[in-house]
Amino acid sequence: MTDIKSMLPGEIEAALRELGEPKYRAGQIFQWLSRGVRSFEEMTNLSKPLREKLSSEFEIPSLTMLRKQVSKLDGTIKYLWELPDGNAVETVVMRYHHGNTVCISSQVGCRQGCAFCASTIGGLIRNLRPSEMLEEVLSSERESGLKISNIVLMGIGEPLDNYDNVMRFLRLVNHPDGANIGMRHISLSTCGLIERFEDLAAEDLPLTLSVSLHAPDDETRSKIMPANRGRGVEALIAACEKYYQTTGRRISFEYAMIDGVNDTPEHARLLARHARRVSAHVNLIPLNHVEERPFQPSTPEHLKQFIRILTDAGANVTVRRTLGGDVDASCGQLRKKVAENRA
Ligand code: SAH
């Protein structure tokens with residue numbers, strides 16, 4: 001059966017035409033779907049025969065909440081959702097002054113193998129469908145009662161490894177008859193699959209591209225991020241430069257500070273050079289320690305020194321505030337724990 005929740009209004013319209021139905025029904029159906037109905041039965045302004053016809057042609061994939069954790073420290077909410085096929089993904093809702101932000105997963109698991117990350121431990125299971133990503137946003141909004149104004153694709157998975165579905169999700173969540181979240185309020189984070197950067201620039205979407213750099217030289221980066229092998233830092237920075245020139249959109253470099261791995265003054269100087277070259281904003285993240293991983297966050301002294309070198313070199317730097325420290329609110333930690341307990 002066709003997943004109707006992954007369809008844009010124009011596509012629903014075309015499908016209705018084939019069923020001999022008027023096209024204005026498409027808008028009604030899209031609005032019902034955006035409101036989170038789980039069956040065509042609930043679409044009460046459609047005739048019964050039409051609802052039956054739709055039920056036999058289309059499915060409406062929905063998420064079921066498996067677990068919810070609310071941080072006592074800052075109100076961050078972490079959801080674990082069950083997908084229609086029994087797999088599970090995480091979504092985090094963070095409350096910022098500039099609005100509530102939802103951090104969504106784009107894949108079940110991940111095949112990029114970053115050495116410090118929990119999401120990649122079991123490898124990639126499958127891509128998320130557009131409707132499943134959309135439901136992460138809509139279900140979080142409904143369940144929390146919070147208005148979501150920003151989206152970051154920084155949960156489980158590599159968005160550019162699920163390119164077509166992610167692009168479709170972006171158009172769905174941006175649609176004025178649906179969630180209507182502006183592209184300028186959306187950030188897409190990648191470990192650097194540069195072969196997709198030109199495609200992304202050509203989409204001409206005013207979103208923010210975040211690049212998980214985490215190391216400014218090939219030796220360090222290839223050690224902790226297998227995605228660097230065969231691509232290399234120079235090619236990545238060149239791709240960022242081109243992206244910036246084509247789109248005029250400033251890139252942000254994510255940099256998790258890992259004790260004794262990527263936090264020396266040499267790393268800072270080289271990072272500053274890359275950042276200046278592409279006018280990137282550097283976002284330093286205190287590493288979140290993952291049980292199965294040997295890495296620890298940098299010491300406050302090293303972090304301070306690192307920031308000073310970057311700032312002195314004229315780079316634009318911020319340190320990300322850690323939210324949800326008491327709810328496993330990062331990168332596959334909750335999904336993994338629950339999967340282990342179920343096993
Ligand atoms: N695959 C995408 C998006 C998912 S991860 C990417 O690589 O960008 C979102 C961010 O969290 C990435 O910058 C990732 O490198 C970072 N991250 C993963 N594990 C982390 C950890 N233990 N501590 C801090 N940041 C981490």
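1. In this predicted model, an oxygen atom of the ligand is 2.6 Å from an N or O atom in the side chain of S189, and another such approach involves H214, where a side-chain N or O atom is 2.5 Å from an oxygen atom of the ligand. At C191 it is a backbone N or O atom that lies 3.4 Å from a ligand oxygen. The surroundings of the ligand comprise 18 residues, of which G157, S189, S212, H214 and N288 come nearest; a residue is counted here if one of its heavy atoms lies within 4 Å of the molecule.

2. A word on the basis of these values: residues are numbered from 1 along each chain as its sequence is written, and side-chain values use heavy atoms, with hydrogens and water left out. Because the model is predicted, local features need pLDDT of at least 70 and side-chain atom pairs count only at pLDDT 80 or more, while totals for chains, interfaces and linings use all residues.

3. The protein chain is divided into domain 1 (2-59) and domain 2 (71-342), with bounds that come from an automatic or database domain assignment. Their C-alpha centres lie 34 Å apart, and the contact (heavy atoms within 4.5 Å) takes 14 residues from domain 1 and 13 residues from domain 2.

4. Between them, the two domains bury about 1200 Å², with 56% of this on carbon and sulfur atoms; buried area is the accessible area (1.4 Å probe) that two parts lose on being put together, summed over both. On the side of domain 1, the residues that lose the most area to domain 2 are K5, S6 and L8, which together account for 40% of what that side buries.

5. There are 4 salt bridges between domain 1 and domain 2, a salt bridge being a side-chain nitrogen of Lys or Arg within 4 Å of a carboxyl oxygen of Asp or Glu. The side chains of K5 and E135 also form a salt bridge, at 3.0 Å from N to O.

6. Two elements, α1 (9-18) and α2 (24-34), give two or more residues to the side of domain 1 that touches domain 2, and α2 provides the largest share, 4 residues. Helices here are DSSP runs (H or I, at least four residues), numbered from the N terminus.

7. By the same salt-bridge rule the count comes to 22. One pair joins the side chains of E41 and R51 at 3.9 Å, N to O, and links distant parts of the chain, with E41 in the loop between α2 and α3 (48-57) and R51 in helix α3, 10 residues apart.

Notes: Polar contact = N/O pair within 3.5 Å; in protein donor to acceptor, adjacent residues only side chain to side chain.
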